[in-house]
Amino acid sequence: MRYGMFMLGLFIGAFGCVLTIQANMGVAPWDTFHIGLQKTFGLTIGIWSQIVGVVVILSSYLLAKIKPTFGMFLNMVCFGSFLDLILWWDIVPQIEGLFERTVMFLMGMMIMGVGIGMYLSPRLGAGPRDSFMLAMNERLGWSIQKVRLIIEVTVLIAGAALGGPVSVGTVLIALLTGPMIQRTIPFWQMVMKKQYALPERVERRAS
């Protein structure tokens, strides 16, 4: 059940990400970076997400001694694969109207927040980027919103320099995703504990 929640959360997060891409109103800062790399060097967005994930894992270990976990690598591989799969399926249509694109973008942003909170709740391991975010939150005592904002502004500048898309939606995602995650994580942790009877000893081992 924990792995089911983990994988479902990754798929939902990837689906939300695709919605923001197709809405063409700006994407998450990390996606700006991945799309910029795709435009500059080729390959797919999902593959670049995985390559960057490996670099982040190595950097986190060298700079902050954050040891990689199985869940971290599973997250990295599955999220990039889900992203490319949903884009390949072409199940999210490209629309032209401003109102429709705005609705699609807002839905995508909310779905991403729900998906991230869902896959973090079983405590099987956060992805490379979220692991770094959570580590800085715990070690420096900064809020998740502050840590995520600092990290994403940095990658946003790098992605824009490579030609990745930057728009008003990018700013909204950078500012609002952190608060949404901070509220969805406790909700899904409660679901895992109460609905699926997640034992406390499992939670301690996974933390």
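Me: Helices are DSSP runs of H or I with at least four residues, strands are runs of E with at least two, and both are numbered from the N terminus. With that in mind, which helix gives the most to the nonpolar patch on the surface?

Reply: In this predicted model, local features need pLDDT of at least 70 and side-chain atom pairs count only at pLDDT 80 or more, while totals for chains, interfaces and linings use all residues. Residues are numbered from 1 along each chain as its sequence is written, and side-chain values use heavy atoms, leaving out hydrogens and water. Helix α8 gives the most, with five residues; the elements giving two or more are α7 (144-161) and α8 (168-195).

Me: What makes Leu-149, Val-153, Ile-157, Val-168, Val-171, Leu-172, Leu-175 and Leu-176 a nonpolar patch?

Reply: Patch residues have over 30% relative accessible area and no salt bridge (a side-chain nitrogen of Lys or Arg within 4 Å of a carboxyl oxygen of Asp or Glu); like charges are joined within 9 Å, and nonpolar side chains (Val, Leu, Ile, Met, Phe, Trp, Tyr) within 5 Å. Together these eight residues have about 660 Å² of accessible area, found by the Shrake-Rupley method with a 1.4 Å probe, where only the protein chains shown count as cover for residues.

Me: Why is Leu-149 called partly exposed?

Reply: Leu-149, which lies in helix α7, has 33% relative accessibility, so it counts as partly exposed, a class between buried (under 20%) and exposed (over 50%), with a 1.4 Å probe and protein chains only.

Me: How do you know that the structure holds zero disulfides?

Reply: A disulfide is a pair of cysteine sulfur atoms within 2.5 Å, whereas the sulfur of Cys-17 is 15 Å from the closest cysteine sulfur, in Cys-78, and is therefore too far for a bond.

Me: Why are Cys-17 and Cys-78 called buried?

Reply: Cys-17 counts as buried because its relative accessibility is 1%, and Cys-78 is buried too, because its relative accessible area is 12%. Of the 207 residues of the protein chain, 48% count as buried.

Me: What makes the protein chain, with its nine helices and zero strands, as compact as a globular protein of its length?

Reply: Its radius of gyration (over C-alpha atoms) is 16 Å, close to the 17 Å that the globule rule (2.2 Å times the number of residues to the power 0.38) gives for 207 residues, so the chain is as compact as a globular protein of that length. The C-alpha atoms fill a box of roughly 50 × 35 × 30 Å, taken along the principal axes.
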